[in-house]
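Look at the backbone of the chain shown here. The report below covers one pair of strands and a few residues in loops.

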Amino acid sequence: MTLTLHAAPGTVALAVHAALEEAGADYRVAWLDFKAGDQTAPAFLAVNPKARVPALVTPQGVLTETPATLEWIAATHPDAELMPTDPWQAAKVREAMSYLASTVHVNHAHKMRGHRWTGDAAAQAAMTAEVPRTMRDCADYLEARLDSDWLVGEFSVADLHLFVVLRWLDGDGVPLAEFPKLSALKARIEARPAVARILPQHAR
Ligand SMILES: N[C@@H](CCC(=O)N[C@@H](CS)C(=O)NCC(=O)O)C(=O)O
């Protein structure tokens, strides 16, 4: 069965798209137009009631949440070696993806999606104003802990997850150029043939 990835350009779904391409998976992309409100249309809510991308339709059902989806792709395409087999290294990959999803992505969402937390326009503006600081804190942490070519040992799905965040930093008021190790990692990921093949589809 061909997998179907529900995605929108430039979103965290890019990490899953890149993993499918890296894995040589049999897949297609169903694109959503966020500006048109596709994510809250009944047709998509039937796929993912959380109204978020990525959502991956698999033979066993729909998979959501980027870390879980990335790990499933790695597990079902072992030849691509997208997840370490060593338990410690695998736990470190999960640790990184949990941090990216639950802390970094949430900080980023405070820029445009403050309405998820408050209906108060002034409070939303205050949240937006904090994003350059909170995202810089994350970038500082990541830059300081990077000690090899990849986030955890060999290349893994955690690098693809991080890649999306690195693409967001400039827009969040944190110049990526100020972080030499993160800039070099982003360039290494962009140079991967699978990533280069899908990136044009994520131009916004
Ligand atoms: N925890 C989810 C978050 C997914 C998420 O928030 N995706 C955003 C795009 S980056 C989305 O679909 N937003 C739709 C909206 O806010 O309307 C994950 O890690 O996959």
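The text goes through a hairpin first and then turns to loop residues.

This is a predicted model, in which local features need pLDDT of at least 70 and side-chain atom pairs count only at pLDDT 80 or more, while totals for chains, interfaces and linings use all residues. Residues are numbered from 1 along each chain as its sequence is written, and side-chain values use heavy atoms, with hydrogens and water left out.

Helices (H or I, at least four residues) and strands (E, at least two) are DSSP runs, numbered from the N terminus. Two strands pair if DSSP finds at least two bridges between them. Strand 3 (residues 55-58) and strand 4 (residues 61-64) are paired in the antiparallel sense, over four bridges. These two strands form a hairpin, with two residues between them. Opposite threonine 58 stands glycine 61 in strand 4.

The loop between helix 2 (42-45) and strand 3 contains proline 54. The peptide bond from valine 53 to proline 54 is cis, and its omega is near 5°.

Two residues other than glycine have a positive phi: alanine 51 and glutamate 81. Accessibility is sorted by relative accessible area: buried is under 20%, exposed is over 50%, and partly exposed lies in between (1.4 Å probe, protein chains only).

| Residue | Phi | Loop | Relative accessible area |
|---|---|---|---|
| Alanine 51 | near 60° | between helix 2 and strand 3 | 18%, buried |
| Glutamate 81 | near 50° | between helix 3 (66-76) and helix 4 (87-112) | 61%, exposed |

Alanine 51 is thus in the loop that runs between helix 2 and strand 3, and is buried. Glutamate 81 is exposed.
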